[in-house]
Amino acid sequence: MAAVVCRKLPTRVYSRGMFCKSTWCTKETKAVGRGQERNDAASEKSGTTILCMPGASAALSDYEVYLNPAAYSSSQRRTRQRELAELGDHSADAFLLWLGNPCGNLGGKKAHSTYMVSCSRWLSSGRNTLLELIFSGSAGRPRQSFRQLAASRQDAVTQEVDSAEVYDTKEDPRAFQKVNNAYKALCFDSLEQGETLSAGEVERILRDVSILKSSLSPDRISGYFQQLGQSALLGEEQSVAIRRDPRFTMLCRYATEHLRGFSSLQLIGVLIALTRLALPPAHPFLHPCEAEFCRRVWDMGFEELLLVADLWRYLGRSVPRFLEMVASYAGVRWKALSLPQLVQFIYIIGENRRAPAELMQKLEMLVSLYLDQMNLEEVGAVCLGFFKSSHGLSENLMKRIGDMVLAHVEDISNYALVNVMKMFRYTHVDHLPFLKRLGEAVSDRVPGMGTQGVMHVVLSCASLHYRDELLLSAVAASIPSKAPHCRSKDVAKFLWSFSSLNYEPPNVEEFYRCLTEQVHRKMQEFERFPEHLLTALLALAFTGRYPHDLLDVALSPQFVHLALSSSAFELKRDLFTLEGSVAIECPHYTGHRLPLPLQEEISEALRAFARQEICTKPEMTEAESSLRVLLGGPEYVKNHTILPHARSAELEVHFDLSGKPLPFNTEAPGKNKPKRKLNFSGIQVTDLLISQLTKRNCPGAQGPAETSAVAPEGDVVGPEAGFQDHNRRASYEAAFRDGISLTNGLLESLNFSKVPAKEALHQPDQLPETPRKLAIQVSNRNHYCHSSRILLGLHSMKRRQLVQAGYVVVELPHWEWFPLLKRTRSEKLAYLHQKLYSALD
C-alpha cells in the first residue's frame with residue numbers, strides 16, 4: 001500500500017533535490033548535465049545564435065573556454081538561480097528552506113531578502129524535524145558519514161600545462177604580502193599551517209551539532225567553525241565533504257541566529273574558517289555575515305577591516321556596501337595609515353575596481369611619501385591597484401617609479417614589472433630611459449613569461465607608441481609556441497600592438513598565420529567579447545590583410561547587433577572603420593556589409609567630431625589660411641575628412657593638368673554671396689578691341705602720332721598715304737559692321753591661352769580635364785612612433801587608401817610645419833608652394 005505525504009512549504013522555497021530527481025546522479029549523468037548546462041547558458045546569452053565559421057559547428061561540442069572572466073571584469077548582479085548553480089552543494093537548498101528567504105547581494109533590489117537577527121522564534125525546533133526529514137534518507141538516498149563522503153569524491157582530471165602559463169587570480173596579485181611579515185595581520189594566508197583535525201574528530205564535531213542543536217552557544221559555534229576550518233588543511237576532499245554534510249548546514253543556521261552574540265574576533269574567526277573551507281561565494285550564510293560586518297565597521301580597527309576585506313576577496317564574493325563603508329572609514333583616518341596598511345588597502349581597492357576620486361588623491365599623497373621605503377613588489381601592487389580602479393598617478397610620481405624600477409630591473413618579478421607597465425600605459429607617461437632598459441630586460445625574459453604578461457608589455461609599448469624592434473622580434477619569435485595559450489583578448493592585442501607600431505617581424509608570415517588561426521578557433525569567445533574580434537580585424541586591416549570569411553562574420557547582421565547591444569564598449573566606429581576599409585581595398589569582397597543607414601549615422605557623427613576637434617587645431621587652421629592666400633581664395637581649399645572612417649581630417653585642393661588651381665569648395669565662406677558680373681551679351685568686338693586685347697599691331701589701333709612718326713618701309717608718305725589709310729579703315733569697318741558676340745570660350749582664349757586670339761577661335765572644343773586631387777596631411781607627433789618618423793598603423797593605412805581613392809598625398813610633417821607656425825607668412829607660403837608643386841611634378 002502506497003501513501004503520499006504532502007507538506008506546504010513557504011512560497012519560492014523548495015528543495016530541488018526533493019522534487020526534481022528520484023535517483024542520485026552517476027558520473028555519466030553528472031558529466032552530461034554539466035555539458036548541457038554550459039550549452040544552455042551559451043544559447044540563452046546570445047539568443048540561440050552561436051558564432052562559428054562554416055564547417056566548424058561539429059567541433060563546438062568539444063569546445064571549452066579556459067578563462068575566468070570574473071577576475072577581469074566588474075561584479076555583476078546575479079540571479080538566485082545562477083547563484084544556486086554556482087553553489088553546487090545540496091546544502092544550499094536546505095539552508096534556503098530554513099531561512100525562508102532568498103539570498104542575494106547586499107543592497108540588491110529583491111523582495112523579502114531583509115536580514116533580521118531576531119528570528120529565533122520563527123526558526124523554531126520544528127524546523128529541526130524538517131531538516132532531519134530532508135536529509136534522513138526518506139528521499140531514497142542512504143545517509144553517508146563524513147568518511148564515506150570524503151572517500152566517494154571523484155579525483156579531478158589534471159592537465160599538464162606549461163608552468164609559465166599558470167596564472168592564479170587569487171594568489172598572484174598577493175605576492176607582495178609574502179615579502180613583509182607586517183602583512184600577516186592584514187590578510188589571509190592560505191599556506192599557513194596549524195593543528196589539523198582527523199576525520200574522526202570532524203565526525204565528532206558534526207555529531208555534537210546534530211545533538212545540541214538550538215542549545216549551541218556563540219562561543220561553542222565559533223569554536224566549531226574554527227576547528228572545522230583547521231581540518232580543511234588536510235585537503236580539498238575534506239572541505240567538500242564538510243560543506244555537503246547536512247550537519248554543517250545546521251551549524252550555519254544556528255550561527256545565523258547568534259551572529260550578534262559573536263565578538264568581532266569570533267566573527268572574523270568564523271569568516272576565516274569559511275574561507276579555508278572554500279565556501280562558495282553565493283552561499284546563503286555569507287549574506288547575514290556581510291550584513292553583520294557592515295553593522296560593525298565603525299567599531300572595528302582598520303587592520304581588522306583590511307583582514308575582513310581580504311577574506312571577502314579570497315572567497316570571491318562581491319561586497320560593495322562593506323567596501324564603501326571601509327573607504328569612508330579610511331577617508332577620515334587616512335593620515336594614520338602605515339605603509340603595509342596603505343599597500344594592502346590599495347590592493348583591496350583595485351580588486352573592487354572602484355573608489356572615490358577624493359580618497360585616491362589622498363592615497364596618492366601617501367604613496368609619494370612612502371615610495372622610497374617600498375620594495376619593488378609593493379610598487380607593482382600599488383600600480384595595479386590604481387590601474388584597476390581607473391585612477392592615474394601624477395607624471396612626477398610615475399617618473400620616480402620608473403627611475404626606481406630602472407635601477408633594479410633585474411630584481412623585479414615579471415608580475416610586478418607588468419603592473420608597472422600597465423600604469424605607464426594608463427597615464428601615457430613616456431620615460432625613455434626606462435623604456436629602453438625595459439626592452440633589453442624583457443627581451444631575455446619573454447620565453448619564461450606567461451602569455452598574458454607578454455601581451456600586457458607589448459600592449460603598453462604600443463599604447464605609448466614606443467617601437468622597440470629588439471623586444472618586438474623576441475615576442476614575435478615566441479608567438480608560435482604561445483599562441484595556443486592565448487585568450488581571444490591576447491590574440492587581438494598582439495595583432496593590434498604589432499600592426500599599430502607598423503612593425504613586421506622577421507617571421508611575419510608565420511606570426512600572422514598563427515594568430516589568425518587562433519582568431520578562427522576563438523569564435524565562441526567573441527560571442528561574449530565582440531570587441532576583440534573587431535580589434536583583431538582592424539589590426540589586420542592596418543597591414544592590408546583582409547580574411548574574407550572573418551569579415552563576413554564581423555559584418556553580419558547578427559554580429560553587428562551583438563556588438564552594438566551587448567558590449568560595454570562603443571564599437572560603432574570600429575565597425576565603420578572596418579566597413580570603409582573593405583569598401584576601398586577589397587573590391588572583390590562579396591560578403592555581408594554594414595547597413596547604409598548605420599553607415600550614414602556613424603559618418604555624420606565622425607564628421608561632426610572632426611569639425612569640432614580636429615579641423616580647428618592651430619596647425620590645421622594656419623595651413624588652411626595660408627593655402628587660401630597662396631591659391632586665391634577659400635573656394636580653392638577644403639578642410640574636412642576625406643575618409644571619415646579613418647578618423648582624421650585633411651586639406652583638399654584641386655589642380656588641372658597645367659598646374660592651375662581649380663575652385664571646388666562650394667561650402668567656402670562667402671561663396672554664395674552675390675557678385676558683380678559683366679554681361680557680355682550685346683558687346684560688339686571691333687578691330688580696335690581685338691587689337692587692344694591681343695596687343696597686335698593693327699592699323700586702326702595706332703594713334704595719329706604713332707602713324708605720322710613711324711612709317712613702314714615701302715609705304716607712301718604724304719597725301720596719298722592718307723588716302724590709302726582711309727580706304728583700309730573702310731574695309732575693316734565693313735568686315736566688322738555686324739560685330740561678334742564675346743562668348744566665354746572667346747574670353748578664355750583671349751585671356752588665358754598662349755595661342756593667338758584668331759587661332760583660338762578656330763580650335764575645336766575639348767573635353768573637361770580630370771582634376772588632380774591633393775590630400776594635404778597636417779600631421780603631429782601622435783601620428784608617428786615615439787622619437788621616429790615611422791607612421792602608426794592607422795595613419796599608414798589611411799594614406800594607402802587615399803592613394804587608392806585617387807588622391808596625391810602631400811605630407812606636412814610636424815618637424816617641418818610646427819616650427820614654421822612662429823615664422824613669417826612669406827616663409828609659410830614659400831614652404832607650401834614648394835610642397836604642392838613638387839607633388840604635382
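Angles between helix axes under 35 degrees count as roughly parallel, over 145 as roughly antiparallel, 65 to 115 as roughly perpendicular and the rest as oblique. The axes are lines fitted to C-alpha atoms, for helices over the stretch in contact, and the angles run from 0 to 180 degrees between N-to-C directions.

This is a predicted model, in which local features need pLDDT of at least 70, side-chain atom pairs count only at pLDDT 80 or more, and totals for chains, interfaces and linings use all residues. Residues are numbered from 1 along each chain as its sequence is written, and side-chain values use heavy atoms, with hydrogens and water left out.

**Exercise 1. Describe how helix α31 packs against α39.**

Step 1. Helices (H or I, at least four residues) and strands (E, at least two) are DSSP runs, numbered from the N terminus. Helix α31 covers residues 618–631, and helix α39 covers residues 825–840.

Step 2. Two packed helices are described by the angle between their axes and the distance between the axes. For α31 and α39 the angle is about 80° and the axes lie 10 Å apart.

Step 3. The two helices are therefore roughly perpendicular to each other.

Step 4. A contact means heavy atoms within 4.5 Å. Among the contact residues are Leu627 and Leu630 of α31, and Leu829 and Leu832 of α39.

Step 5. The contact residues divide into eight nonpolar, three polar and three charged. In this sorting Ala, Val, Leu, Ile, Met, Phe, Trp, Tyr, Cys and Pro are nonpolar, Asp, Glu, Lys and Arg are charged, and the others, Gly among them, are polar.

**Exercise 2. Place three salt bridges in the chain and state whether their residues are buried or exposed.**

Step 1. A salt bridge is a side-chain nitrogen of Lys or Arg within 4 Å of a carboxyl oxygen of Asp or Glu. The whole structure has 32 of them.

Step 2. Buried means under 20% relative accessible area, exposed over 50%, and partly exposed in between (1.4 Å probe, protein chains only).

Step 3. Arg437 and Glu410 meet at 2.7 Å, N to O. Arg437 belongs to helix α20, Glu410 to the loop between α18 and α19, and 27 residues separate them. Arg437 is partly exposed because its relative accessibility is 24%, and Glu410 is exposed because its value is 54%.

Step 4. Arg593 and Glu579 meet at 2.8 Å, N to O. Arg593 sits in the loop between α29 and α30, and Glu579 in helix α29, 14 residues apart. At 36% Arg593 is partly exposed, whereas Glu579 at 3% is buried.

Step 5. Glu816 and Lys835 have their closest N and O atoms 3.3 Å apart. Glu816 is in helix α38 and Lys835 in helix α39, 19 residues apart. Glu816 is partly exposed at 29%, and Lys835 is buried at 18%.

**Exercise 3. Locate Lys660 and list what it touches.**

Step 1. Lys660 lies in the loop between β2 (650–655) and β3 (661–662). Its relative accessible area is 43%, so Lys660 is partly exposed.

Step 2. Leaving out residues up to four places away in sequence, Lys660 touches His654 and Phe655.

Step 3. Pro771 is 111 residues from Lys660 in sequence, yet the C-alpha atoms of the two are 9.8 Å apart.

**Exercise 4. Report the confidence of the chain.**

Step 1. pLDDT is the predictor's confidence in each residue, from 0 to 100. The chain has a mean of 76, and 67% of its residues reach 70 or more.

Step 2. Over residues 674–683 the pLDDT is below 50, and this stretch has five contacts beyond near neighbours in sequence.

Step 3. Residues 744–764 also stay under 50, with 16 contacts beyond four places in sequence.
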